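This report addresses the cysteine pairing, one pocket, an annotated site and selected backbone angles of a two-chain model. The sequence and structure are shown first.

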Amino acid sequence: MASSSLLISLASCLLFLAVSPALASNSEGEALCAFKSRLSDPNNVLQSWDQSLVNPCTWFHVTCDSQNRVIRLDLGNSNITGTLGPELGRLQHLQYLELYRNSFMGKIPEELGNLKNLVSMDLYENQLEGEIPKSLSKLKSLRFMRLNNNKLTGSIPRELVTLSNLKVLDFSNNDLCGTIPVDGPFSTFPPESFENNKRLNGPELLGLASYDFGC
Amino acid sequence: MTSCKEYCNCKSHSISLSLSAAFFLQFHVMMIIMIPCFPLSAASNPQGDTLLAWKATLHLQLGDPLPDWHPSDLSPCRWSGISCDPAGRVTSLSLQWADLHGPLPSNLSALGPSLTSLVLSGANLTGPIPSSLTSQLPLLQHLDLSSNALSGPIPPDLFYSNSNALRLQSLLLHSNALSGPIPSSIGNLTSLRGLLLYDNQLSGPLPPSLGLLSSLQVLRAGGNPNLHGPIPAEIGNCTALVMLGLAETSVTGPLPSQLGLLPNLQTLALYTALLTGPIPPELGRCASLQNLYLYENKLSGPIPPQLCLGPLASSLHTLLLWQNDLVGMLPPELGRCTALSIVDFSMNALTGPIPASFANLTSLRQLQLSVNQLSGPISPDILSACTNLTDLQLDNNNFSGTVPPDIAHLLNLRTLYLWANRFTGPIPAEIGHCTNLEAIDLSQNAFTGMIPNSLFRLPRLAKLLLLDNDLSGEIPPDVGSCSSLIRFRASGNRIAGTLPKEIGMLRNLSFLDLASNHLSGIIPPEIGSCHNLTFVDLHYNSLTGSLPQDIFQGLNSIQYLDLSNNLLSGPIPSQLGLLTSLTKLVLNGNRFSGKVPVEIGSCTRLQLLDLGGNMLVGKIPPSIGNIPGLEIMLNLSSNDLSGEIPPEFAGLSRLGVLDLSHNRLTGDLHPLSVLQNLVALNISFNNFSGAVPSTPFFSKLPLADLQGNPALCVTGCASSEQSGARMSRRAARIATAVLLSATVALLGAAMFVLINRRHKAAIKMRSGCTDEEKDGDMSPPWEVTLYQKKPEIVISEVAQCLTIANVIGQGWSGTVYRTHVPANGITIAVKKFRSYDEASAEAFACEIGALARVRHRNIVRLLGWAANGRTRLLFYDYLPNGTLGSLLHGNGGGATVVEWEVRLSIAVGVADGLAYLHHDCVPAILH
């Protein structure tokens, strides 16, 4: 019964996807709907995500501004399994992406770099893997970036030093390698933000050792 | 509150493609006629052997699906799936929905003289189609390999015949994983009546040779996303075609006008592709056309009136043109297609009115014209004539005028979407006659008058959406009789009167939104009986009275509750704590009094709590600080709250916005200093005291967010701010403590001075190191190892220099300090490891072992190390400016872009990195 209703909702979701482009006003609902279709949600946290609605502003765990634009996605601690998709990059007005303490797998989509209003990216305590996308350096409004306790690999993109608003950063407990940037906001992050990345080699030496040294 | 529109046009046409199914069913029946077979006298049967040889290639893990294929049988004619002719020769092999798990038979030549039908579908077969399959079977008429997992290309040789013309009448290869192009040789199958290739991974263009298939009745190749190129004009030669399906492919270009040459065509399914250009008027000549599916393309131009001028007029049943770029008016000629049942032109750029001739479409069940630029009124004639309508969706257009009462004729109507138009006048009470209505959305129009009582007597109504109109009057008590109602939204109107208590009878109601109206009176306690409520928004009304004590008892599903900007008074019921699903609670702008209930801490899922602008008194309950999910906003502003910020507020580490302004709160801001997620904070106009925490967040906070706290020290605060407003016993106690500790410190310092008198003078003069030992970890005895005779390092002098003022870098595993060695007048760098845990100890040992041996010019020299029971220190060269410059920039003379201190920490970093590289220390040396 549950699985059939899931199928139906998925089907209607896909149907909705096929229909929506012309309704430009609901591209965000469409994106969230596509996101939902990737997820397993045993606690029915996403039950209210009804694709037939004109916009997602009455969905629970979604917050809109006064112009019905999605500014928050609060799904921390929700026992969700699944992957993050490029569609999240279409939530142009998103300020808070709170997906911490779930079982998200796979890579961080580079499209998240399109969230130019993002203030907080909390993906910590999931099962994310792959590299930290360079594109995240486009998140000029970002203040909080917590990717700790995942399975991220590769080096820390140097481009992130341009995120001048970054206040809190936590990359600890991953499998990152190379050296730690020292410029920009990185001069203020404590060592704890990087601990337990056993292939991470300390601060970089500009010009002498490549940043992906040891990767 | 701005509008929340409801519903888009969700397409739910159940497109029946049963035509071809019926065709082939008939075919199957013909082939499955069981012919009694008589065993041949021959001891061994070559046809049976061939079949057994194939069976031997199958991977039959889950039992034998062919248990009666006995090798000992003289003839295979009684085997399951086998049919024979009277002479005992196999004419048909048909195995469907069996778990065969293996390849197709590679050699069936023994069956060649007799086999006319080969059906191996839904049998979990894998691998390629053998190219010799058909040449071995010259009599084959029916080949069905559908619904397997066959891969590889469709072999072109399949359609070549070495002797006679191939007799194949039906070829079913759909629902596999076949790739590559459709072979041009398919044109050789001149007897072919059915060709089903859909749901594969076929690519390339459609071969024009398809036009040679003059007997072809069904061609379905949809669901091959990589099929591209134009639809060949030659398709017009397939005059027997009944069904043409190329949906969900990448076919491009215009629809060929030659489609009009297909007099038998009943279904044209070309949706979800990349078609451009106009809809050819010639389609009107397709005398049999019933179903025209062209949605989700880029078709342009107008809807051709010719569609309904020819013979098609009496046959066309379904016309789906939604989501294209069609323009122009709806042709009045469409009214001649009197068989039309489903019409969907949504999401185009159509203009003008609905032609009056639509009143002739008496068979019409679904009329969907959403998201166009259509205008004009809804004609009463259409409503009284099209009585079979089940779905009328005209939303997102420019329709105007009143909705005629003739809508009462639509007794079959299930959905009525008129939102986002310019309708005026009252909502006709006659809608109440449409007793099959399940969803009504009239939002975003200019409807006036009351919500008719009759709407609430619709027995199946689940969604009633009336947002942003100009509705007035009261909500009738009849609302309670609409027990099927799930979603009721009428915000943004001028609805007045009270909330009828009958609303409590809506046991299925999940979503109640009556915000921004003129509702008055109390919130009826009966609303607590709506156990399925998840969303309640009543903000911006004039509701009065207190919240009934028991109202929250039955509302444990509620996730969103917004009662803000009303005139509600009395206490906030302590039963609020029962709402464990609540994520957003907004009670702002009322007259709530009394204390904030402690029980609010039980709402553990709360993400947003706004109690601002009330008359709440007493202390802030510490339990608020324990709500783990409180991360969006906490607003307690503009109340009469007193006391201090509970220390538990330090636990709100995820909170983004905190507003405590305009209360009578006291004490210091210390609990807020650790809230690292704060983006906005307002504590203005309270009685806070002490110093503003010296964090970067507070230093950047606008003064307006701090003002109105006379005893609060914002800048230049000395550490002894205990004075100010409070001349209390506590302050006196603190002063005593300060005095006492100062005395102890003085005594200690005096002793220290006595002991270290000689070194002290030198250090003070040359290095600026202070004598207070801030770190208890720096006490002797030290174990010291020095690799160089010079500089001479005296550990007690070094220890005194490891102060905050001398930090030149934070490393991975410790802190690096600049330290002056008075004996030689030189400066060294000292790295102090962060902790004395095991990993750090290993790193330390590793670093010592590695760096002591490294003799590379560009690498920082390790001078030695020291350790006591608690701390470990490493001594490095502190590189003079020029040396470091060349180290960093290669050729010396580099500009000093990087701050000096940063460079040193960088230099130390690379030394560690190289050591790791060369000596393979595990774990790595981590700064």
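The sections below treat the disulfides, the remaining cysteines, the pocket, the annotated residue and the backbone in turn.

**Disulfides**

The model is predicted. A search of the whole structure finds three disulfides over all chains. Their geometry is set out in the table.

| Disulfide | S to S distance | Torsion about the S-S bond |
|---|---|---|
| C57(A) and C64(A) | 2.1 Å | about -90° |
| C77(B) and C84(B) | 2.0 Å | -100° |
| C308(B) and C337(B) | 1.9 Å | -105° |

The link of C57(A) and C64(A) is left-handed because the torsion about its S-S bond is about -90°. In chain B, the link of C77(B) and C84(B) is left-handed, at -100°, and the link of C308(B) and C337(B) is left-handed, at -105°. This last pair connects distant parts of the chain, its two cysteines being 29 residues apart. C308(B) is placed in the loop between β19 (298-301) and β20 (318-320) of chain B, whereas C337(B) is placed in the loop between β21 (325-329) and β22 (342-344) of chain B.

The bonded cysteines can also be described by their accessibility. With a relative accessibility of 15%, C57(A) counts as buried, and its partner C64(A) is buried at 18%; the cut-off for this class is under 20%. C77(B) and C84(B) are both buried. For the remaining pair, the relative accessibility is 1% at C308(B), which counts as buried, and 0% at C337(B), also a buried residue.

**Cysteines without a partner**

Why does C434(B) form no disulfide with C386(B)? The sulfur of C386(B) is the closest cysteine sulfur to that of C434(B), but the distance of 13 Å is too far for a bond, because a disulfide requires sulfur atoms within 2.5 Å. C482(B) has its closest cysteine sulfur in C530(B), at 12 Å, which is likewise too far for a bond. C434(B) is buried, with a relative accessible area of 0%, and C482(B) is buried with a value of 0%.

**The second largest pocket**

The second largest pocket has a volume of about 850 Å³. Its lining comprises 38 residues, and those nearest the centre are T63(A), C64(A), Y560(B), K584(B) and L608(B). Elements giving two or more residues to this lining are β2 (62-64) and β3 (70-74) of chain A, together with β38 (535-537), β40 (560-562), β42 (584-586) and β44 (608-610) of chain B. The most is given by β2(A), with three residues. By class, the lining has 18 nonpolar, 12 polar and eight charged residues. C64(A) is thus one of the residues nearest the pocket centre and is also joined to C57(A) by a disulfide.

**An annotated residue**

An unreviewed UniProt entry lists K832(B) under "binding site". This lysine lies in strand β56 (residues 826-833) of chain B. K832(B) counts as buried, because its relative accessibility is 11%.

**Backbone angles**

Most residues other than glycine have a negative phi. N124(B) has a positive phi, near 55°, and is located in the loop between β4 (117-121) and β5 (125-127) of chain B. At 35% relative accessibility, N124(B) counts as partly exposed. D468(B), which is not a glycine, also has a positive phi, of about 55°. The location of D468(B) is the loop between β32 (463-465) and β33 (470-471) of chain B.

Notes: Residues are numbered from 1 along each chain as its sequence is written. Chains are lettered from A and ligands numbered from 1 in the order in which they are written. This is a predicted model: local features need pLDDT of at least 70, side-chain atom pairs count only at pLDDT 80 or more; totals for chains, interfaces and linings use all residues. Side-chain values use heavy atoms; hydrogens and water are left out. Helices (H or I, at least four residues) and strands (E, at least two) are DSSP runs, numbered from the N terminus. Buried means under 20% relative accessible area, exposed over 50%, partly exposed in between (1.4 Å probe, protein chains only). On a 1 Å grid over the protein atoms alone, a cavity is a set of points where a 1.4 Å probe fits but cannot get out, and a pocket is an open set with protein on both sides within 12 Å along at least five of seven lines; lining residues have an atom within 4 Å of a point. Grid points are joined across faces, edges and corners, and a volume is the space filled by probe spheres set on the points. Ala, Val, Leu, Ile, Met, Phe, Trp, Tyr, Cys and Pro count as nonpolar, Asp, Glu, Lys and Arg as charged, and the others, Gly among them, as polar. UniProt positions are given in the numbering used here, feature names are shortened, and annotations may be inferred rather than shown by experiment.
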